[in-house]
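New to this one? Here's a quick briefing to read alongside the sequence and the 3D view.

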Amino acid sequence: MIGRVSRNPGEASDMALMIHQFICRSDNFGVLVHDEDSGVTAAIDAPEAEPIRRKLAEYHWKLDYILTTHHHEDHVAGNLALKEESGCRIIGPAGEIPGRDEAVREGDTFDLGTLEVRVIETPGHTLDHITYWVPAAGVAFVGDTLFALGCGRVIEGTMPMMWHSLEKLLRLPDDTDIYCGHEYTQANARFALTIEPDNADLIERARIVDERRAAGEVTLPTTILMEKQTNPFLRVDHADIRHRLGLDHASNAEVFGEIRRRKDGFRG
Ligand SMILES: [Zn+2]
């Protein structure tokens with residue numbers, strides 16, 4: 001699937017980012033982004049080298065950067081081979097990132113061709129997790145922090161830490177396209193319906209997700225607005241969810257923690 005994102009079509013400098021998303025391993029996403037104006041290409045994470053290598057050849061793109069979201073093996077396994085072949089630079093969080101040339105942190109910005117990338121620290125799934133936001137293209141690459149209808153497991157951080165990271169993503173513009181690290185949407189929908197069985201938007205979305213998966217299609221990207229309407233992990237301030245969980249007066253972080261724990265134990 002090729003997405004071409006252009007938010008300023010009338011301007012002389014048409015900021016256009018081509019985005020190509022494909023499955024790696026079993027349920028990881030490989031993502032290639034290509035700035036048409038400069039010809040610069042980046043991979044968002046490198047779950048494995050071969051499918052990324054194949055897509056680069058298919059599109060005649062030369063790999064200039066790998067942008068790593070976090071240290072998990074299924075996000076960095078292709079780093080060293082791809083760097084060796086292409087001479088690309090690897091940008092990522094501080095910590096154990098294979099082949100990393102440059103460490104970035106909260107508030108850092110860098111150029112991807114003609115486009116500015118902003119770094120948002122989103123710890124919780126891992127302590128080193130970061131999100132890459134490209135405001136001019138209206139796109140964010142959130143790794144394993146936020147998923148369509150779900151969020152990452154809280155493995156290294158704490159529930160309040162993860163909630164704080166999700167709050168940062170909630171402040172992105174509603175029409176921001178969100179690219180995630182995994183295709184987990186169908187299972188996430190089954191769980192989401194246990195938290196909000198009467199949410200009409202969620203019921204409709206779950207139906208569409210089932211259709212798309214049955215047709216062999218992926219369900220990403222999503223948008224911040226779509227997640228606000230249907231993702232239970234982002235809807236912890238809604239009275240009906242709180243009431244169902246018996247947490248009418250709890251903090252948002254506590255409600256988030258309860259939903260996350262229920263998901264961890266969910267076998268749907
Ligand atoms: Zn991970």
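What follows is a short tour of the open spaces, one histidine, a sheet, a helix and some unusual backbone spots. Keep in mind that this is a predicted model. There is a pocket with about 310 Å³ of space, the largest one, and a search of the whole structure turns up one cavity of 30 Å³ or more.

**The largest pocket**

- Start with the lining: 17 residues line the largest pocket, and Phe147, Cys151, Arg153, Tyr184 and Lys263 sit nearest its centre.
- Two helices chip in, with α5 (185–195) and α9 (252–264) each giving at least two residues to the lining of this pocket.
- Sorted by class, the pocket lining comes out as six nonpolar, five polar and six charged residues.

**The largest cavity**

- Rolling a probe the size of a water molecule over the atoms shows where empty space is left.
- The largest cavity holds about 70 Å³ of space.
- Three strands, β3 (28–35), β11 (139–143) and β14 (177–180), each give two or more residues to the lining of that cavity.
- Among the residues around the cavity are Phe29, Val31, Ile44, Asp45, Thr69 and His75, and the lining also includes Phe141, Gly143, Tyr179, Cys180 and Gly181.
- By class, the cavity lining splits into six nonpolar, four polar and one charged.

**A look at His182**

- You'll find His182 in the loop between β14 and α5.
- His182 counts as buried because its relative accessibility is 3%, and the cut-off for buried is under 20%.
- Beyond its neighbours within four places in sequence, His182 touches Asp27, Asn28, Phe29, Asp74, His75, Asp144, Phe147 and Leu220. Of these contacts, Phe29 and His75 also line the largest cavity, while Phe147 is one of the residues nearest the centre of the largest pocket.
- The His182 side chain makes a polar contact of 3.4 Å with the side chain of Asp144.
- A polar contact of 3.2 Å links the side chains of His182 and Tyr184, and Tyr184 is another residue nearest the pocket centre.
- Ala148 is 34 residues away from His182 in sequence, with 9.0 Å between their C-alpha atoms in space.

**The six-stranded sheet**

- The strands of this open sheet run in the order β8-β9-β10-β11-β14-β15, and the pairing is mixed. At the edges are β8 (109–112) and β15 (222–223), each pairing on one side only.
- β8 and β9 (residues 115–121) run antiparallel and are joined by four bridges; here Thr109 stands opposite Arg118 of β9.
- β10 (residues 130–134) and β11 are antiparallel too, with three bridges between them, and Tyr132 has Phe141 of β11 as its bridge partner.
- These two strands, β10 and β11, make a hairpin with four residues in between, and Gly138 in the turn has a positive phi of about 65°.
- On to the next pair: β11 and β14 are parallel, with four bridges, and Ala140 stands opposite Ile178 in β14.
- Why is β11 described as largely enclosed by the rest of the structure? Five of its five residues are buried.
- In a regular strand the side chains alternate between the two faces of the sheet. In β11 both faces are covered, with Val139, Phe141 and Gly143 buried on one side and Ala140 and Val142 buried on the other.

**Helix α5**

- An α-helix has 3.6 residues a turn, so residues three or four places apart point the same way.
- In α5, the buried residues are Thr185, Asn188, Ala189, Phe191, Ala192 and Ile195.
- Those buried α5 residues pack against β12 (146–147), β13 (150–151), α6 (200–214), α7 (224–230), α8 (239–245) and α9.

**Unusual backbone spots**

- Most residues other than glycine have a negative phi, and most peptide bonds are trans.
- The Leu220 to Pro221 peptide bond is cis, with omega near 5°; Pro221 is in the loop between α6 and β15.
- Arg25 isn't a glycine but has a positive phi, near 50°. This residue is in the loop between β2 (16–24) and β3, and Arg25 counts as partly exposed at 41% relative accessibility.
- Leu149 also has a positive phi, about 65°, without being a glycine. Leu149 lies in the loop between β12 and β13 and counts as buried at 0% relative accessibility.

Key: Residues numbered from 1 in each chain as written. Predicted model: local features only at pLDDT ≥ 70, side-chain atom pairs only at ≥ 80, totals over all residues. Heavy atoms only, no water. 1 Å grid on protein atoms, 1.4 Å probe; cavity = no way out; pocket = protein on both sides within 12 Å on 5 of 7 lines; lining within 4 Å. Points joined across faces, edges and corners; volume = space filled by probe spheres on them. Nonpolar A, V, L, I, M, F, W, Y, C, P; charged D, E, K, R; others polar. Buried < 20%, exposed > 50% of the residue type's maximum accessible area, 1.4 Å probe, protein only. Contact = heavy atoms within 4.5 Å. Polar contact = N/O pair within 3.5 Å; in protein donor to acceptor, adjacent residues only side chain to side chain. Pairing = 2+ DSSP bridges.
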